[in-house]
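Colleague: I'd love a close look at a single part of this model, with the cut-offs spelled out as you go.

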Amino acid sequence: MNYVKVSGYLLLAILPLSLISYYFSVHHESVFFLYEWLFFALLLGALTFSIIGVFKNREQRWSLYSMVAFIVQFSVLSLFLGPLTFYQMFYFYYITATIGAFVYIWSFRKTKNYRFLPIVFFIISAMLTLYIVILNNLWGKDLS
């Protein structure tokens, strides 16, 4: 079984799910909880397949390490934007982003297959971190 592809497909399934969540939040807010649980299930499934693949597939291990680091970082971001919106989560996100960046760089050096994955995760991580930095700078400001 190719654990990188299965985990990648589960992560890519978040994109159409997010489009459906927009429909839920605008037109049917009472069923928005379906999006939250499906999002959690996709992240948990991708994380599970990635961790299993780390132990079972030696040649794709470093690509899966970068996928695990991205899923953990994305989960922290989702928790911050969801139920745990308080100021200390900025620091927790910065720590996970820093650790993730080290994992992406290290896995890019170590991997031979799927070398594009750590690069893609690093770029997405940089964009998400820029978003968090902007939120951090706007926290508590009166913009009216």
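Colleague: What is the relative accessibility of I123?

Modeller: Happy to help. This is a predicted model, in which local features need pLDDT of at least 70 and side-chain atom pairs count only at pLDDT 80 or more, while totals for chains, interfaces and linings use all residues. Residues are numbered from 1 along each chain as its sequence is written, and side-chain values use heavy atoms, with hydrogens and water left out.

I123 has a relative accessibility of 47%, so this residue counts as partly exposed (buried is under 20% relative accessible area, exposed is over 50%, and partly exposed lies in between, with a 1.4 Å probe and protein chains only). I123 sits in helix 6; helices are DSSP runs of H or I with at least four residues, and they are numbered from the N terminus. From I123 to N2 the sequence separation is 121 residues, and the C-alpha to C-alpha distance is 24 Å.

Just ahead of that element, Y114 lies in the loop between helix 5 (88–110) and helix 6. Y114 has a phi near 55°, a positive value in a residue other than glycine. With 21% relative accessible area, Y114 is also partly exposed.

Helix 6 also contributes to the pockets. A pocket is an open set of points on a 1 Å grid over the protein atoms alone, where a 1.4 Å probe fits and protein lies on both sides within 12 Å along at least five of seven lines; lining residues have an atom within 4 Å of a point. The largest pocket holds about 620 Å³, a volume being the space filled by probe spheres set on grid points that are joined across faces, edges and corners. It has 22 lining residues, and F39, L43, S75, S78 and L79 are the closest to its centre. Helix 2 (14–27), helix 3, helix 4 (61–81) and helix 6 (116–138) each give two or more residues to that lining, with the largest share, nine residues, coming from helix 3. By class, the lining has 17 nonpolar, four polar and one charged residues (Ala, Val, Leu, Ile, Met, Phe, Trp, Tyr, Cys and Pro are nonpolar, Asp, Glu, Lys and Arg charged, and the others, Gly among them, polar).

The second largest pocket has a volume of about 440 Å³. Of its 18 lining residues, G8, L11, L12, L117 and F121 are the closest to the centre. Here helix 1 (3–12), helix 2, helix 4 and helix 6 each supply two or more residues. This lining divides into 16 nonpolar, one polar and one charged.
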